[in-house]
Amino acid sequence: MNTAYLSLGSNLGDRYEMLRDAIQLLRQQTGLEVSRLSSIYETDPVGYTEQAIFLNMVVEIKSELCAEEILFICLETEQTLGRIRQFRWGPRCIDLDILLFNDENIELEKLTVPHPRMHERGFVLFPLIELVPDGVHPLTGVPFGKYAEGQKEGVHIWKTFGGVDAFGRSEN
Ligand SMILES: Nc1ncnc2c1ncn2[C@@H]1O[C@H](COP(=O)(O)OP(=O)(O)OP(=O)(O)O)[C@@H](O)[C@H]1O
Ligand SMILES: Nc1nc2c(c(=O)[nH]1)N=C(CO)CN2
């Protein structure tokens, strides 16, 4: 069984609905379980800053699928929810990135894992640490908590689930 962590982000349209719908679509995939969800964070835009604030979260996936198959599902989910690519790091109704796939280092033309910018992004690190508090970066061995130090600015918890799955399975 493979364990992957996906980063979800939205700053266009009904952001909460986008996250919820993306998780629902992931759950409809055969051979893939969305096992755990982080809280949802409201985060200042990074990279291109002249855009609306984001909602971000991280989900844990358990699956027998390989990383490329999971990437395909992520891209398909973005398409289904109507993502239009405007420009790099620009606004998006939904973004799904693979952060980690087991502890593997994957370097393919269309897929790099661990995600090359994950350790520079508070909007990734804080939700990820909720799910893997003792996690370390597979390539550097540096704890995610260490990377997160100094990256808290502009990252605020927006909704906590208190152990309850707010995107409940009853919705499926
Ligand atoms: N770990 C990864 N997760 C998701 N996509 C990846 C990954 N590594 C490479 N890619 C490739 O990146 C392409 C562009 O992704 P996307 O448009 O979501 O980038 P972005 O979210 O704007 O920027 P960033 O990569 O900095 O998060 C995808 O089509 C995919 O082939
Ligand atoms: N706060 C925030 N900033 C971003 C995000 C994101 O999801 N949240 N995604 C980006 C490209 O992946 C670029 N900048």
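**Figure 1. Close-up of the outward-facing side of helix H2.** On the face turned away from the buried side of H2, you'll find the exposed residues Gln 79 and Thr 80. Keep in mind that this is a predicted model. H2 itself runs over residues 67-80, so that's 14 residues by the DSSP run. From its first C-alpha to its last, H2 reaches 20 Å, close to the 20 Å expected at 1.5 Å a residue. Just after H2 comes Gly 82, with a positive phi near 85°.

**Figure 2. Close-up of the buried side of helix H2.** Flip your attention to Ile 70, Leu 71, Ile 73, Cys 74 and Thr 77, the buried residues of H2. They sit on the same side of H2, because they cover an arc of only 160° around the axis. Residues three or four places apart in an α-helix point the same way, because there are 3.6 residues a turn. What do the buried residues of H2 pack against? The partners are helix H1 (15-27) plus a set of strands: E1 (2-10), E2 (32-37), E4 (54-63), E5 (95-101) and E7 (111-113).

**Figure 3. Close-up of helix H1 and its packing partners.** The 13 residues of H1 should span 18 Å at 1.5 Å a residue, and the end C-alpha atoms are 19 Å apart, which agrees. Buried here are Arg 15, Met 18, Leu 19, Ala 22, Ile 23 and Leu 26. The arc they cover around the axis is only 130°, so they end up on the same side of H1. These buried residues pack against H2 and against strands E1, E2, E3 (40-43), E4 and E5.

**Figure 4. Close-up of the loop carrying Pro 133.** Look between helix H3 (122-131) and helix H4 (144-148): Pro 133 is in that loop. Is Pro 133 buried or exposed? Pro 133 counts as exposed because it has 10 other C-beta atoms within 10 Å, and the cut-off for exposed is 12 or fewer. Pro 143 comes 10 residues away along the chain, and the C-alpha atoms of Pro 133 and Pro 143 are separated by 8.8 Å.

**Figure 5. Stepping back to the whole chain.** The protein has 4 helices and 8 strands. Read along the sequence, these follow the pattern β-α-β-β-β-α-β-β-β-α-α-β. Of the 172 residues in the protein, 34% are buried. Take the contacts between residues at least 6 apart in sequence: 71% of them join residues at least 24 apart.

Technical notes: Residues are numbered from 1 along each chain as its sequence is written. Chains are lettered from A and ligands numbered from 1 in the order in which they are written. This is a predicted model: local features need pLDDT of at least 70, side-chain atom pairs count only at pLDDT 80 or more; totals for chains, interfaces and linings use all residues. Helices (H or I, at least four residues) and strands (E, at least two) are DSSP runs, numbered from the N terminus. The expected span of a helix is 1.5 Å times one less than its number of residues. A residue is buried if 20 or more other C-beta atoms lie within 10 Å of its own, exposed if 12 or fewer, and partly exposed in between; C-beta atoms are placed from the backbone. The arc is that of the directions from the helix axis to the C-beta atoms. Two residues are in contact if their C-beta atoms, placed from the backbone, lie within 7 Å.
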